[in-house]
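Visitor: I would like to go through this model term by term. Please set each label against its cut-off.

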Amino acid sequence: MTAPHAPSWYAETADKTLAFPPLDGDRKAHVAIVGGGYTGLSAALHLAEAGIETVLVEANRIGSGASGRNGGQLHTGQRRDQDWLERRLGRPAAHELWTLAEEAKALVHHLIDKHQIDAEWRPGLIEAVHKRRLVSEERHYVDKLNDDYGYAHAEWIEPDRLAAMIGTDAYFGGRYDATAGHLHPLKFAQGLARAAVMAGASLHEDTPAIRLDDGMKPLLVTSRGSIRADIVILAGNGLLDGIDQETETRAMPIKNFILTTEPIGAGMPGGLIPGGEAVSDSRFVVYYWRPTSDGRILFGGGETYSRSDPADIFAFVRRHLLGIYPGLRDIRIDHAWGGTLAVTVNRLPFLSRLRPGVYAASGYSGQGVALAPYGGKIIADAILGNPGRLDSFAALPCPRFPGGKLLRWPALVAGMSWYALRDRI
Ligand SMILES: Cc1cc2nc3c(=O)[nH]c(=O)nc-3n(C[C@H](O)[C@H](O)[C@H](O)COP(=O)(O)OP(=O)(O)OC[C@H]3O[C@@H](n4cnc5c(N)ncnc54)[C@H](O)[C@@H]3O)c2cc1C
């Protein structure tokens, strides 16, 4: 009997009956996939739709990783903004990455529509500016998107209007984005899983992969047997302990935490955030929140760079929530949970053909609601003979974390702590 999802508002409100049998014994497949998050599920779906025999193994439950625990925010663009991308990679590459990110966002909508996934999509996302000194930069960025990128869906919002929209005067204005928005991440993952199975993919929960033996045909050894495959896709995000060193030195798992309040009419007329938008702010350790379909505020804030959770996640996140909404002091907190996301050194995703027959995708750095389903699709496309988009991502610089697998933690902690400090000064 597979264990239930870890407690969260998502687990409580998604399909509790959806389950997939473990994979016992040895089998063969054209493609074996490690990881049942958006990347793995989307790859399985697109490969199965093309008639490829595909087997996916998930260590826990489908969507039990970041894909079923995240803030649900569907962002526009890459994790780095277009100014940064232009400076580092040049204008042509920056424009190409913008186009790919727009395709990624469109893919999410396409998947929801095509497979009729009840993902509770709501349009509208505000990037709120938390320091006065960042206002001119953000206003310039709105103009840049409008003028240089032909993106008419971005608009600058003055502080007064923003305060009325989101119910706090903690911000100095913000960028409204009409085609970004938010969804129920676990329902989205479950919808992808159902669609993949309908298309002919085999999905197996409670089946950790424990080793990958390379050879003419890679052998993926699991806790219960093995899969001999022509091609293996490693889609375990930052959680691929011991399976692939190359990915582990380039993508680093970090923890981030979320709570939900009791239902308070949020996202409803007369309630907090009556327009129903998602909000995320300009902090390096970002605060992000949104109303849920049953009128709660779902708020994410605070990260840790160790493997253990804070002793009291409720208190850990509530402190951040009350910094923005002191008026919620007497509101009950009903759920709090953590999740692991993978970041890369430069926050660009690590999408790679590691060696013949082995692909890896990881390190979406907090932008995976859009980019991970897309990562899965473009790996599937590459396997099907269309490597162009994967090649574009694979060509991006993705340095190893200083110190490699063993010493990357201290380096990351030092770096992240510095940026977290900068958020406060
Ligand atoms: C708290 C939190 C909030 C976030 N908020 C947002 C947001 O609002 N917007 C946004 O765009 N992104 C957000 N993200 C990031 C986003 O969720 C991820 O980028 C995305 O879900 C990554 O998808 P994935 O398929 O690559 O990885 P995952 O969803 O993590 O899936 C990987 C799966 O692989 C499995 N696995 C690992 N190792 C093995 C193994 N050896 N054998 C078998 N299975 C294995 C894991 O159990 C897991 O289910 C957030 C992440 C977290 C944790």
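Visitor: What makes strand β6 largely enclosed by the rest of the structure?

Guide: Seven of the nine residues of β6 (residues 174-182) are buried, so the strand is largely enclosed by the rest of the structure. Buried means 20 or more other C-beta atoms within 10 Å of the residue's own; exposed means 12 or fewer, partly exposed lies in between, and C-beta atoms are placed from the backbone. Strands are DSSP runs of E, at least two residues; helices are runs of H or I, at least four, and both are numbered from the N terminus.

Visitor: What kind of model is this, and how are residues numbered?

Guide: This is a predicted model: local features need pLDDT of at least 70, side-chain atom pairs count only at pLDDT 80 or more, and totals for chains, interfaces and linings use all residues. Residues are numbered from 1 along each chain as its sequence is written.

Visitor: Which strands are joined to β6 by bridges, and how many bridges are there in each case?

Guide: Two strands pair if DSSP finds at least two bridges between them. Strand β3 (residues 73-74) has two bridges to β6, antiparallel. L74 stands opposite G181 there. Strand β4 (residues 122-128) has six, also running antiparallel to β6. Here L125 has D177 as its bridge partner. Strand β5 (residues 154-157) has four bridges to β6, again in the antiparallel sense. W156 has R175 as its partner. Each count meets the minimum of two bridges.

Visitor: In which sense does β1 pair with β10 and β2, parallel or antiparallel?

Guide: Nine bridges join β1 (residues 25-34) to β10 (residues 225-234), and these strands run parallel. K28 stands opposite R228 in β10. β1 also pairs with β2 (residues 54-57) in the parallel sense, over four bridges. In that pair, V31 stands opposite T54.

Visitor: Where does V31 appear in the largest nonpolar core?

Guide: V31 is listed with A44, L192, A196, I233 and I379 as touching the most other members, out of 114 residues. A nonpolar core is a set of buried Ala, Val, Leu, Ile, Met, Phe, Trp, Tyr and Cys residues joined through C-beta atoms within 7 Å. α10 gives the most to this core, with 10 residues. The core draws at least three residues from each of domain 1 and domain 2.

Visitor: What does A44 touch?

Guide: Contact means C-beta atoms, placed from the backbone, within 7 Å. Not counting residues up to four places away in sequence, A44 touches I33, T54, L56, A196, A201 and L203.

Visitor: Why is the ligand said to lie between the domains?

Guide: Both domains give residues to the shell around the ligand, so it lies between them. Domain 1 covers 9-69 + 186-251 + 346-403, and domain 2 covers 122-181 + 253-340. The bounds come from an automatic or database domain assignment. Their centres, over C-alpha atoms, are 29 Å apart. The contact takes six residues from domain 1 and nine residues from domain 2.

Visitor: What makes up the shell around the ligand?

Guide: It has 43 residues, and the closest are G37, G65, G71, G339 and G368. Near means a C-beta atom, placed from the backbone, within 6 Å of the molecule or strand. α10 has the largest share, four residues. By class, the shell has 18 nonpolar, 23 polar and two charged residues. Ala, Val, Leu, Ile, Met, Phe, Trp, Tyr, Cys and Pro count as nonpolar, Asp, Glu, Lys and Arg as charged, and the others, Gly among them, as polar.

Visitor: How do you know whether S365, R347 and L328 are buried or partly exposed?

Guide: Count C-beta neighbours within 10 Å. S365 has 23, so it is buried. R347 has 15, so it is partly exposed. L328 has 20, so it is buried.

Visitor: What is phi at R347 and S365?

Guide: Phi of R347 is near 70°, a positive value in a residue other than glycine. R347 sits in the loop between β15 and β16 (350-355). Phi of S365 is near 55°, positive in a residue other than glycine. S365 is in the loop between β17 (358-362) and α10.

How values were computed
Two residues are in contact if their C-beta atoms, placed from the backbone, lie within 7 Å.
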